[in-house]
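Reader: I would like a close look at one part of this model, the charged side chains and whatever they pair with. Please go through it slowly, and then set it against the rest of the fold.

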Amino acid sequence: KERTLEHNILSNCDKIIFNNPYQKKYMLSSCGKEIAKKAVVLPHSFDAELYDASIAPRSSDKIQMVYIGHLDATRTPRLFLKGIAALKKEHPDLAEHLEVLYLIDHELLDVVKIKKPVDYKTSLSIMRNSDWLLHVDANLHGILDENIFFAAKLADYIGANRPIFGMTMFEGAGADVVRAVN
């Protein structure tokens with residue numbers, strides 16, 4: 001019944017808009033050519049005027065990596081934090097020069113800092129003034145072969161014009177974007 005309703009809605013649409021080709025392919029896999037012809041991909045974008053062109057000097061000499069966004073059981077920083085813990089253990093001199101802003105692990109309190117949520121414009125300023133921006137995509141292995149979802153935060157990351165450290169599935173919208181911006 002739900003599939004019939006969905007098909008009727010899609011049949012009566014003028015356009016069906018997706019933000020990446022992976023989502024388009026996934027969502028239209030069971031639809032006919034008539035419906036698929038209505039589909040377009042409009043990637044996320046950003047407004048360059050929202051980003052202050054200057055980068056504020058920081059008092060810390062540490063390399064700062066920032067993650068701004070949602071974390072959950074599938075979009076987990078577990079592997080990233082394990083990597084930081086291994087770095088700290090094997091190369092403590094390097095770990096002394098790193099600061100990651102987002103969540104906490106008791107053994108990493110000297111590297112990982114918790115910050116309160118901020119409004120959108122403040123988050124853009126934080127992004128613009130970071131050394132690296134951390135992107136943690138949902139790990140959908142076992143569910144999908146590729147990540148069909150695009151985190152809108154990536155558009156803001158690109159707008160901030162800072163290097164992006166991406167943790168993504170090998171194939172998907174986020175992986176394509178991170179590769180495209182190098």
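Author: What follows takes the charged pairs in turn, then the core, the strands, the rings and the cysteines.

The model is predicted, not determined by experiment. It holds three salt bridges. As general background, side chains of opposite charge can pair when their charged atoms come close.

Start with the pair formed by Glu 146 and Lys 25, whose closest N and O atoms are 3.6 Å apart. Because Glu 146 sits in the loop between strand 6 and helix 7, while Lys 25 belongs to helix 2 (residues 21-27), this salt bridge ties together parts that are 121 residues apart in sequence. The two ends have opposite surroundings. Glu 146 has a relative accessible area of 17%, so this residue counts as buried. Lys 25, at 56%, counts as exposed. The threshold for buried is under 20% and that for exposed is over 50%.

The next pair is Glu 34 with Lys 37, where the N to O distance is 3.3 Å. Here both ends are at the surface: the relative accessible area of Glu 34 is 58%, which means exposed, and that of Lys 37 is 59%, again exposed.

The remaining pair is Asp 176 with Arg 179, and its closest N and O atoms are 3.3 Å apart. Both residues lie in helix 8, three residues apart, which is about one turn of the helix. Neither is buried: Asp 176 is partly exposed at 29%, and Arg 179 is partly exposed at 41%. Arg 179 has a further contact, since this side chain lies over the face of Phe 170, at 4.7 Å from the ring centre. Arg 179 therefore takes part in a salt bridge, sits over a ring, and is still partly exposed, with a relative accessible area of 41%.

Helix 8 leads from the charged pairs to the interior. Helix 8 (173-180) is among the elements that each supply at least two residues of the largest nonpolar core. That core has 29 residues, and the members that touch the most others are Phe 80, Val 100, Met 127, Leu 133, Leu 154 and Tyr 157. Besides helix 8, the elements that each give at least two residues are strand 3 (63-66), helix 4 (78-90), strand 4 (98-101), helix 6 (120-128), strand 6 (132-136), helix 7 (153-160) and strand 7 (164-167). A second core, separate from this one, has seven residues, among them Leu 10, Leu 28, Ile 35 and Ala 39. As a general point, nonpolar side chains in soluble globular proteins tend to be buried together.

Some of the strands that feed the larger core are also paired with one another. Strand 3 runs parallel to strand 4, and four bridges join them; in this pairing Val 66 has Leu 101 of strand 4 as its bridge partner. Strand 3 also pairs with strand 6, in the parallel sense, over two bridges. On that side, Met 65 is matched with Trp 132 of strand 6. In general, the side chains of a regular strand alternate between the two faces of the sheet.

Between helix 7 and strand 7 there is a loop that contains Asn 161. Its phi is near 60 degrees, a positive value in a residue other than glycine. Asn 161 is exposed, with a relative accessible area of 55%.

Rings come next. The structure holds two aromatic pairs. One of them joins Phe 46 and Tyr 51 in an edge-to-face arrangement, with 5.9 Å between centres and 90 degrees between the planes. Phe 46 is partly exposed at 35%, whereas Tyr 51 is buried at 9%.

Last, the cysteines. A search of the whole structure finds zero disulfides. Cys 13 is in none, and the nearest cysteine sulfur, that of Cys 31, is 10 Å away. Taken from the other end, the closest cysteine sulfur to that of Cys 31 is the one in Cys 13, and because the separation is 10 Å, the two are too far apart for a bond. A disulfide would need the sulfur atoms within 2.5 Å. Cys 13 is partly exposed, with 24% relative accessibility, and Cys 31 is buried at 17%.

Methods
Residues numbered from 1 in each chain as written. Predicted model: local features only at pLDDT ≥ 70, side-chain atom pairs only at ≥ 80, totals over all residues. Heavy atoms only, no water. Buried < 20%, exposed > 50% of the residue type's maximum accessible area, 1.4 Å probe, protein only. Phe/Tyr/Trp six-rings, centres within 6.5 Å; stacked < 30°, edge-to-face > 60°. Lys NZ or Arg CZ within 6 Å of the ring centre and 35° of its normal. Core = buried A, V, L, I, M, F, W, Y, C linked by side-chain atoms within 4.5 Å. Pairing = 2+ DSSP bridges. Salt bridge = Lys/Arg side-chain N within 4 Å of Asp/Glu carboxyl O.
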